Amino acid sequence: MTTTSQEITAAAAGTWTLGDLSVNRIGFGTMRLPQRGAALRADAVPRDREEAIAVLRKAVELGVNHLDTAAFYFSPLRGANELINRALAPYADDLVITTKVGPTRVPSGEWGEHARTARALRGQVEENLRQLGRDHLDVVNLRVTGTDSIAERFGALAELREAGLLRHLGLSNVGPAQLAEALAIAPVVCVQNPYGIGAPAGQEEMLRLCGERGLAFVPFYAIAGAGRERGASGAESEEVLAVARERGVSAAQVRLAWTLGRGPHVLAIPGTGDLGHLVDNVAAGALRLTDSELIPLNALHNAAT
């Protein structure tokens, strides 16, 4: 942990507006909270409840007002939504909780079929409402796999928006055609896709499209990269390490700062169950990389795309 991290809050990253909801550009992803080690596994080891609650409360104390969660973020004994409810309810007026629907996990933790019908999607929205203890959801992302049409599914969520069950709509893991398809149906406030140093070239187009349309681009796995739900591998490129050493920060902070620097519409939602990592991640919002530092980092990124 850097010596100055303790004094830095999420406000240092600046703000963005999701529809009519203002959030700091450094948020918090809850996928890693319910367990230790790899997430989304049926045999995951549950994290200590009080430890997870302390992380959530510290995040809010540090000015984080954008949480990313899902009902399928759970391990045996622990669910991210339940932890959020326990730690933070009654919720502050400025706290924005973004959830996602589509993927299905049965109570044993195994994966089921994606929700594709209006009834199934409504059931997932209602499950998030129950777990969070809310009467409406701030933002709901439709998480998809593949490149097939999302019109029917997104239309079903748009109807739930009209019914007042959710306030704003977003998308996750989509391409340009699916974004265009959704925008023809209802307003979209954010796109949540995998992105960071070395992300596939196709994500650059999504980054650009979101910027042109005034939509938030919300990268996930910005630190973990290819490690995905397993987390960062521990191996790091020399280009990132060189900047980290020069600035006296962590490699994760360099990666987050680079990601946030890709545009004012880029939000970050790094997740962790470690208080020290949380403080460092939030502090990354104040790190501004210089042109000379960006040259090797951009070259590293471009070489991998």
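The following exchange asks how several descriptions of this predicted model are justified.

Me: How do you know that C190 is in no disulfide with C210?

Reply: The sulfur of C190 lies 8.7 Å from that of C210, the closest cysteine sulfur, whereas a disulfide needs the two sulfur atoms within 2.5 Å, so the pair is too far apart for a bond. Seen from the other partner, C210 is likewise in no disulfide, the nearest cysteine sulfur being that of C190. A search of the whole structure finds 0 disulfides.

Me: What makes C190 and C210 count as buried?

Reply: Buried means under 20% relative accessible area, and C190 has 2%, so the term applies to C190. For C210 the value is 0%, which is also under 20%, and C210 is therefore buried.

Me: Why is H265 called buried, and where does it lie?

Reply: H265 has a relative accessibility of 7%, which is under the 20% cut-off, and therefore counts as buried. Its place is in the loop between α8 (251-260) and α9 (275-283). Leaving aside neighbours within four places in sequence, H265 is in contact with W16, L207, C210, G211, L215, A216 and F217.

Me: What makes the approach of the H265 side chain to L207 a polar contact?

Reply: The H265 side chain reaches the backbone oxygen of L207 at 2.9 Å, and the distance limit for a polar contact is 3.5 Å, so this pair falls within the limit.

Me: How do you know that the length of α3 agrees with that of a helix?

Reply: The expected span is 1.5 Å times one less than the number of residues, which for the 15 residues of α3 (118-132) gives 21 Å; the C-alpha atoms at its ends are 21 Å apart, and so the two values agree. After α3 comes G133, whose phi is positive, near 70°.

Me: Why are the buried residues of α3 said to be on the same side?

Reply: The buried residues of α3 are L121, Q124, V125, N128, L129 and L132. They cover an arc of only 140° around the axis, and therefore lie on the same side of α3. On the other side of the helix, R119 and R130 are exposed. The buried residues pack against α2, β9, β10 (137-143), α4 (151-162) and β11.

Me: Why is E127 in α3 described as partly exposed rather than buried or exposed?

Reply: The relative accessible area of E127 is 27%, which is neither under 20% nor over 50%, so E127 is partly exposed. The side chains of E127 and R130 are joined by a polar contact of 2.6 Å. The C-alpha atoms of E127 and A70, although 57 residues apart along the chain, are separated by 9.7 Å.

Me: Which residues have the most contacts inside the largest nonpolar core?

Reply: This core has 75 residues, and V125, L157 and L171 are those with the most contacts inside it. Its largest share, 6 residues, comes from α8. Not counting residues up to four places away in sequence, V125 touches V101, L137, L157, L160, L165 and L166. Another core, of 12 residues, lies apart from the largest one, with L21, V139, V218 and I269 among its members. In soluble globular proteins, nonpolar side chains tend to be buried together.

Me: What makes the phi values of L77 and N173 worth a remark?

Reply: Most residues other than glycine have a negative phi. L77 is not a glycine, yet its phi is positive, about 80°, and N173, also a residue other than glycine, has a positive phi near 65°. L77 is found in the loop between β7 (74-75) and β8 (78-79), and at 67% relative accessibility, over the 50% cut-off, it therefore counts as exposed. N173 has its place in the loop between β11 (166-172) and α5 (176-183), and because its relative accessible area of 26% falls between the two cut-offs, N173 is partly exposed.

Me: Which peptide bond involving P90 is cis, and what is its omega?

Reply: The bond that joins A89 and P90 is cis, with omega about -5°. Most peptide bonds are trans. P90 is found in the loop between α2 (80-88) and β9 (96-101).

Note on methods:
Residues numbered from 1 in each chain as written. Heavy atoms only, no water. Buried < 20%, exposed > 50% of the residue type's maximum accessible area, 1.4 Å probe, protein only. Helix = DSSP H or I, 4+ residues; strand = E, 2+ residues; numbered from the N terminus. Polar contact = N/O pair within 3.5 Å; in protein donor to acceptor, adjacent residues only side chain to side chain. Contact = heavy atoms within 4.5 Å. Arc of directions from axis to C-beta. Core = buried A, V, L, I, M, F, W, Y, C linked by side-chain atoms within 4.5 Å.
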